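Me: I'm new to this structure and would like to learn how to read it. Could you walk me through it, one feature at a time?

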Amino acid sequence: EDEMLIALGLTDMVDALGASWVAASRVGTALALVASDTFDAAIVDMKLAGEPADAIMDALSARDIPFIITTGYGVEAIAEKYLSVPRFTKPYMPDHVEAALLSVLAPGKSRARSV
């Protein structure tokens, strides 16, 4: 998420679920995190600082890391290959965040970080 207030709200929701998190507000930073860190899942905003996040989703897919798409744009902003990925729209609601994360996390499968 590239908007600070929205990112803070989202991190509060993830914290409330008992998960840990790392954040990136730029595509390059997110790609570096995907390449160097381990996650159980990711929440990917469709655009970070105006740049499409397709490269992030491609990198997560290549590492077999499940992710959720979030967007303030409509479904038309999502590449066809990612239309089946769970998603929620802004404004974020805690129950949507929780349901989306639970939908992509396999029970008993744990990696170093939660989100």
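Reply: Happy to. Let's start with one pair of facing residues: I69 stands opposite R87 in β5. Keep in mind as we go that this is a predicted model.

Me: How do β4 and β5 pair, and over how many bridges?

Reply: β4 and β5 run in the parallel sense and share three bridges. On another pairing, β1 and β4 are also parallel, over four bridges. In that pairing, D45 stands opposite T70 of β4.

Me: In what order do the three strands sit in the sheet?

Reply: The order is β1-β4-β5, in an open sheet with parallel pairing. β1 and β5 are at the edges with a single partner strand each, so one side of each has no neighbour in the sheet. From one strand to the next, the twist averages 25°.

Me: Is β4 mostly covered or mostly open?

Reply: To judge that, look at relative accessible area: under 20% is called buried. β4 is mostly covered, with five of its five residues buried. F67, I69 and T71 point one way from the strand, while I68 and T70 point the other way, and all are buried.

Me: Which residues does T71 touch, apart from those up to four places away in sequence?

Reply: T71 touches D45, M46, F88, T89 and K90. T71 belongs to strand β4, and its relative accessibility of 2% is why T71 counts as buried.

Me: Two of those names, D45 and K90, make me curious. What do D45 and K90 form together?

Reply: D45 and K90 form a salt bridge, with the closest N and O atoms 3.1 Å apart. To see what such a pair links, find where each partner sits in the chain. D45 is in strand β1 (residues 42-45), and K90 is in the loop between β5 (87-89) and α4 (94-104), so this salt bridge links distant parts of the chain, 45 residues apart.

Me: Which of these two partners is buried and which is partly exposed?

Reply: D45 is buried, at 4% relative accessible area, whereas K90 is partly exposed, at 24%.

Me: How many salt bridges are there in total?

Reply: The count is two. The other pair is D58 and K81, whose side chains meet at 3.0 Å, N to O. D58 is in helix α3 (residues 54-62) and K81 in the loop between β4 (67-71) and β5, so this pair ties together parts 23 residues apart in sequence. As for their surroundings, D58 is partly exposed at 31% relative accessibility, and K81 is exposed at 55%.

Me: Let's go inside. Which residues touch the most other members of the largest nonpolar core?

Reply: A good way to read a core is to look for the members with many partners. This core has 19 residues, and V44, I56, M57, L60, F67, I69 and Y82 touch the most other members. At least two residues of the core come from each of α2 (27-36), β1, α3 and β4.

Me: What is L60 in contact with, leaving aside its neighbours within four places in sequence?

Reply: L60 is in contact with V34, A42, V44, I65 and F67. Apart from this core lies another one, of 13 residues, which includes L10, F88, Y92 and L101.

Me: One last feature: the backbone. What should I look for in phi?

Reply: The general idea is that most residues other than glycine have a negative phi. That makes a positive value worth a look.

Me: Where is A49, and what is its phi near?

Reply: A49 is in the loop between β2 (47-48) and β3 (51-52). Its phi is near 55°, a positive value in a residue other than glycine. A49 counts as partly exposed, at 45% relative accessibility.

Me: And D64: where is it found, and is it buried or exposed?

Reply: D64 is in the loop between α3 and β4. D64 is exposed, with a relative accessible area of 55%. Its phi is positive as well, near 60°, and D64 is likewise a residue other than glycine.

Technical notes. Residues numbered from 1 in each chain as written. Predicted model: local features only at pLDDT ≥ 70, side-chain atom pairs only at ≥ 80, totals over all residues. Heavy atoms only, no water. Salt bridge = Lys/Arg side-chain N within 4 Å of Asp/Glu carboxyl O. Buried < 20%, exposed > 50% of the residue type's maximum accessible area, 1.4 Å probe, protein only. Core = buried A, V, L, I, M, F, W, Y, C linked by side-chain atoms within 4.5 Å. Contact = heavy atoms within 4.5 Å. Pairing = 2+ DSSP bridges. Axes fitted to C-alpha atoms, helices over the stretch in contact; angles between N-to-C directions.
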